[in-house]
Amino acid sequence: MTAITLLTQEDCGYCEHAKAVLAWVGADHPLEVTEIDITGEEGRALAVRAGVVFAPSVLVDGRPFGYGRISERRLRRTLQRLASATC
């Protein structure tokens, strides 16, 4: 199972898009998604460590994946690569 951290904030259209992408991809790949508010203390600390500046931000297994409009295709390729590496 791949750990996904999603940093979000209120009233964020891209955040809603990121949640939808994770739901679509999660239908084909086992994901453990944790959503954290980027405006909270924990979210700000994660954002600083990951080097992201705004929501939504996605971390895959603790490593920065992307922020802003999340690419479903790129996420699928990344997850396939990770799955191949663990076999």
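Here a biologist and a modeller talk through the strands, helices and loops of a predicted model.

Modeller: Local features need pLDDT of at least 70 and side-chain atom pairs count only at pLDDT 80 or more, while totals for chains, interfaces and linings use all residues. Residues are numbered from 1 along each chain as its sequence is written, and side-chain values use heavy atoms, with hydrogens and water left out.

Biologist: Happy to start with the sheet: what is the order of its four strands?

Modeller: Helices (H or I, at least four residues) and strands (E, at least two) are DSSP runs, numbered from the N terminus. Two strands pair if DSSP finds at least two bridges between them. The edge strands, each pairing on one side only, are S2 (31–37) and S4. The sheet is open with mixed pairing, and its order is S2-S1-S3-S4.

Biologist: Nice! How many bridges join S1 to S3?

Modeller: Ile4 stands opposite Val60 in S3. S1 and S3 run antiparallel, and the number of bridges joining them is four.

Biologist: Which residues does the cis peptide bond join?

Modeller: One partner, Pro56, lies in the loop between helix H2 (41–50) and strand S3 (57–60). Omega is about -5 degrees, and the bond joins Ala55 and Pro56.

Biologist: And is Asp11 buried or exposed?

Modeller: Asp11 sits in the loop between strand S1 (2–8) and helix H1 (13–26), with a positive phi of about 55 degrees although it is not a glycine. Buried means under 20% relative accessible area, exposed over 50%, and partly exposed in between (1.4 Å probe, protein chains only). Because its relative accessibility is 82%, Asp11 counts as exposed.
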